[in-house]
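Trainee: I'm new to this one and would like a close look at a single part of it. Could you walk me through that, then show me what else is worth seeing?

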Amino acid sequence: MKLIASFFVVTLHFPFPNLFGQIFFAAARFAVPFFFMISGYFYTKSDKAAQYHSTKSRIRHLALLLLVSELLSFFIRLVAKYDFQYSFFHNIANVFTIFIDLYEPWKVISFTPLFNHTAWFLVQLIVVYLLYAGFTKLSVLPRIKYWALTAFVLGFCAVRICALIHIALPPYSDYFILFMGFPFFSLGYFMKERKFTPNLMKNPVVCFVLLLVSIGLSYWESVLFPTADVYLGNILTNVILIILFEHDPGISPENWFVKMASYLGNHLSLYIYILHQFVGIILQKIMTAVPIIPFYGSVKP
């Protein structure tokens, strides 16, 4: 599922055109919250010593990915803006100056890196892991569900109320850590902790119908609240996916395709935050070469 979600992350930055693209784009917004939820789902406090070691290892891995993504993005921007009449160090300083001048306060609040803006997810996940390590040490995890729910509801409602009364909010308001990383990580954690699985939703047919409902709900919200970036339909999608795949799906783990997909999802899916630009360009080339979307009406992309 992490491998599939990484594909949807790419389509958020390189969306499909027309009406199909609008529906797909709204539904695809489940992907980023899903990464937070699945990270929380696999966070455990059964052994504090082992948990701290695991958390430190994950933070180191995320920090390395973040560093590589920033260096690669900086290099791409340096090449694009390089002026040969100036020295190498002058060009480096010029790129830094340009992007520092463009860096806005809301990007600091949402933990957005300087050069690769799409890597904000990595920064937020590092911060959430640090927060949960502290919560584990202080033994206050049972209270977190109330804090996370309150933060999410406040942010979710604020974005929609401001849209209705036409108050401008910073871009990606839903992506602030209190509205995105913290509550969705917490939701995944408590789904695992409480073994939240309604019996009705164990039925694959019911889950499929609910997935269609969640897609429709996501699209409806995207039309009604164009300034929002996360929808109730996306949350329903994530809950359904975790419920579906936390039980035996009837697929052998020894199957070569399952092994390959599991390895890519577990170990390489986060690399999409480094390589999404290159993958996205290839995806767009395929989209323009193969007309697979015949129904679009007169809706603009």
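Is Asn-116 buried or exposed?

Mentor: Asn-116 is buried, as its relative accessible area is 4%. Here buried means under 20% relative accessible area, exposed means over 50%, and partly exposed is in between (1.4 Å probe, protein chains only). Before we go on, keep in mind that this is a predicted model, where local features need pLDDT of at least 70 and side-chain atom pairs count only at pLDDT 80 or more, while totals for chains, interfaces and linings use all residues. Residues are numbered from 1 along each chain as its sequence is written, and side-chain values use heavy atoms, with hydrogens and water left out.

So where does Asn-116 sit? Look in the loop between helix 6 (105-109) and helix 7 (120-138). Helices (H or I, at least four residues) and strands (E, at least two) are DSSP runs, numbered from the N terminus. The side chain of Asn-116 has a polar contact with the side chain of Thr-118, at 2.6 Å. That term covers a pair of N or O atoms within 3.5 Å; within protein, one must be able to donate a hydrogen and the other to accept it, and residues adjacent in sequence count only if both atoms are side-chain atoms. Leaving aside residues up to four places away in sequence, Asn-116 touches Ser-69, Glu-70, Ser-73, Tyr-273 and His-276. A contact means heavy atoms within 4.5 Å.

Now step back to the whole chain. It has 13 helices and zero strands, and buried residues make up 42% of its 301 residues. Of the contacts between residues at least 6 apart in sequence, 74% join residues at least 24 apart.

Helix 4 (48-81) is a good next stop. Ala-63 belongs to helix 4 and is partly exposed, with a relative accessible area of 34%. Its C-alpha atom is 9.9 Å from that of Leu-125, although the two residues are 62 apart along the chain.

Helix 4 also gives five residues, the largest share, to the lining of the second largest pocket. This pocket has a volume of about 410 Å³, and 19 residues line it, with Lys-2, Arg-58, Tyr-129, Asn-266 and Leu-270 nearest its centre. On a 1 Å grid over the protein atoms alone, a pocket is an open set of points with protein on both sides within 12 Å along at least five of seven lines, whereas a cavity is a set of points where a 1.4 Å probe fits but cannot get out; lining residues have an atom within 4 Å of a point. The pocket's lining divides into nine nonpolar, eight polar and two charged residues.

Finally, try Ser-173, in the loop between helix 8 (141-164) and helix 9 (181-194). Ser-173 is buried, with a relative accessible area of 6%, and beyond residues up to four places away in sequence it touches Val-159, Phe-179 and Asp-229. Phe-179 also helps line the largest cavity, along with Phe-152, Gly-155, Phe-156, Asp-174 and Val-230. That cavity holds about 40 Å³ of space, and a search of the whole structure finds one cavity of 30 Å³ or more.

Conventions: Points joined across faces, edges and corners; volume = space filled by probe spheres on them. Nonpolar A, V, L, I, M, F, W, Y, C, P; charged D, E, K, R; others polar.
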